[in-house]
Amino acid sequence: MPATQGFTLGWDIGAPSGLGIASGLPQARVLAGRLTGEMNDNLHQLRCFGCGVRIRGDQAGSIFRCKDCGDLFEVEYPGWDLAGGGKGRPNTDRPNAGALKWLWRERRASGELLDRSGVWRFREVLPILDSFGNAVTLQEGNTPLYHLRRAAKALGVDQIYAKHQGMNPTGSFKDTGMTSALSVAKERGYEWVACASTGNTSAAMAAYAARAGLKSLVLIPQGKIAWGKLAQSMDYGAVTCQLQTDFDGCVKVLSTIVQEAPIYLLNSVNPYRLEGQKTPALEIAEYFDWSVPEHIIVPGGNLANSAALGKGLREMKALGLISRMPKISVIQAAGANPLVRSFLKDDGKTIEPVTANTRATAIRIGNPASWRKAARVIHETGGWCLDVSEAEIAVAKAELGREGIGSEPASAVTLAGLKKLVADGRVAPSDTVVLLLTGHTLKDSDYTIDFHRGTLLEAEEAAPLAPEIAALRRNAVEVEATPQAVLATLKEIQSRWV
Ligand code: F0G
């Protein structure tokens, strides 16, 4: 069954009355659609995060900066009337929280393509397409939430979970945002899409573009992304350009290109990316039966993910799906920490770009686009922004590995950051904490192998955590092909464990 039909069924018949989902912007088109019996699923407009100016979604084209003040846009849904209803205007368009919870749970048992996506299952809270039938999906989302027993025991905080976004179709959290933004590109008739990337956005974009039959252009910093990610971009048929610059340099080049060519920009300045990326927050809330954990901890690079999760939680609270927001903390690598510096300097009011350097290449970003959105989320939730060293990242990654939870280094900053928050007394033993793991371990196996071989860190970097590193390293050994030799090796290695 085509996705369009699947969607229409889920929306029209599956939804109990009171959902109020068939109106909003653009009002005229929706009303016309109603009269003629057509459906239009689009309820959104764009609002500038800086000056508050509002435009229609399609007015932004491929340039996602406000003409007046240069800030980024945010998707908003005026029909929801989150402010509580205008003068004499009833809140009839606002989705009903109880009905949504019911509908979303029902869809988990559905075989329809859109219902099987962990993003589009929640489509009532991302009505960004004229027709949900245009959604390009690889059945992203629905990622596991693992209880981290070893970390819980080591830190004295019972309830530590990892929401593993690396278990998405291309191995990173980017898929949730790519399904939403690339669907917009397709619906608006673009032939080409493009992004600058540290590797995961490009992998996701290339895959979704291939599914949609669109062409894609990838700009990546030469020699500074993990091989697994580069391979994906090639595999999915993107035009892949390695530029002699860093991520921030790639962004600069691309922002000029999209002004000159009809190419749709899929970096996270594109506000539709954030609409998909907010859905893991819904999954987390749903997992905890709509009571939320005390704390969600995310890595910070270009800072769209923290912004997206915060937006998701803010909207959930406004719609009455949850009763409070968890703290959201953002952790950066010490070598790529412009937001941490900003918080130290003036509490997140201004930012100075830095020259970024970290082996967690996914977050090797010195001039993050969404920093103001992320700073707002940290402020409004009472979270924190900290940084962690290269050795702390490596140890945290190996510790997660020991729990059977592989992740790429950028994801492990969350556990490294949690350790600091616990040590400072900012996370209490009774708190429930969710770490957002953003990428799959196989994205960057060189990093893992270098760690276990002992070639990852310089001696002075490793020194403060030398005992932990020694205990975690499990280098592969070359052994003669006989049972005796293998057993002798086993005995020798085991004797070193005690
Ligand atoms: N973790 C991973 C694995 C990432 O790939 C990224 C960003 C982040 C964390 C940071 O998320 O930028 O929203 O703060 N990767 C981008 C890319 C920049 O191009 O793949 P953020």
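Ala, Val, Leu, Ile, Met, Phe, Trp, Tyr, Cys and Pro count here as nonpolar, Asp, Glu, Lys and Arg as charged, and the others, Gly among them, as polar. With that split, the shell around the ligand comes out as eight nonpolar residues, 10 polar ones and two charged ones. Keep in mind that this is a predicted model. The ligand sits in the largest cavity, and the rest of this briefing covers its surroundings plus a few residues elsewhere in the chain.

**Around the ligand**

- There are 20 residues around the ligand, and the ones that come nearest are Ser-197, Gly-301, Asn-302, Leu-303 and Thr-438.
- Two helices each put at least two residues into the shell: α7, spanning 200-212, and α12, spanning 304-318.

**Backbone contacts to ligand oxygen**

- Leu-303, already listed with the residues that come nearest, has a backbone N or O atom 2.7 Å from an oxygen atom of the ligand.
- For Thr-198, a polar backbone atom is 2.8 Å from an oxygen atom of the ligand.
- Asn-305 also brings in a polar backbone atom, with 2.8 Å between that atom and an oxygen atom of the ligand.
- On its own the ligand has 480 Å² of accessible area, and the protein covers 99% of that.

**Positive phi outside glycine**

- Gln-139 isn't a glycine, yet its phi is positive, at about 60 degrees.
- You'll find Gln-139 in the loop that runs between α4 (113-116) and β4 (145-147).
- Is Gln-139 buried or exposed? Neither outright: Gln-139 is partly exposed, because its relative accessible area is 40% and the partly exposed class lies between under 20% for buried and over 50% for exposed.
- Asp-347 is another non-glycine with a positive phi, again about 60 degrees.
- This time the loop is the one between α13 (338-346) and α14 (371-381), which is where Asp-347 has its place.
- Asp-347 has a relative accessibility of 39%, so it counts as partly exposed.

**A buried leucine in α16**

- Leu-415 belongs to helix α16, which covers residues 409-423.
- Why does Leu-415 count as buried? Its relative accessibility is 3%, and buried means under 20%.
- Leu-415 and Ile-297 are 118 residues apart along the chain, and their C-alpha atoms are separated by 8.3 Å.

Conventions. Residues are numbered from 1 along each chain as its sequence is written. This is a predicted model: local features need pLDDT of at least 70, side-chain atom pairs count only at pLDDT 80 or more; totals for chains, interfaces and linings use all residues. Side-chain values use heavy atoms; hydrogens and water are left out. A residue is near a molecule or strand if one of its heavy atoms lies within 4 Å of it. A polar contact is a pair of N or O atoms within 3.5 Å; within protein, one must be able to donate a hydrogen and the other to accept it, and residues adjacent in sequence count only if both atoms are side-chain atoms. Accessible areas come from the Shrake-Rupley method with a 1.4 Å probe; for residues, only the protein chains shown count as cover. On a 1 Å grid over the protein atoms alone, a cavity is a set of points where a 1.4 Å probe fits but cannot get out, and a pocket is an open set with protein on both sides within 12 Å along at least five of seven lines; lining residues have an atom within 4 Å of a point. A molecule sits in a cavity or pocket if more than half of its atoms lie within 2 Å of its grid points. Helices (H or I, at least four residues) and strands (E, at least two) are DSSP runs, numbered from the N terminus. Buried means under 20% relative accessible area, exposed over 50%, partly exposed in between (1.4 Å probe, protein chains only).
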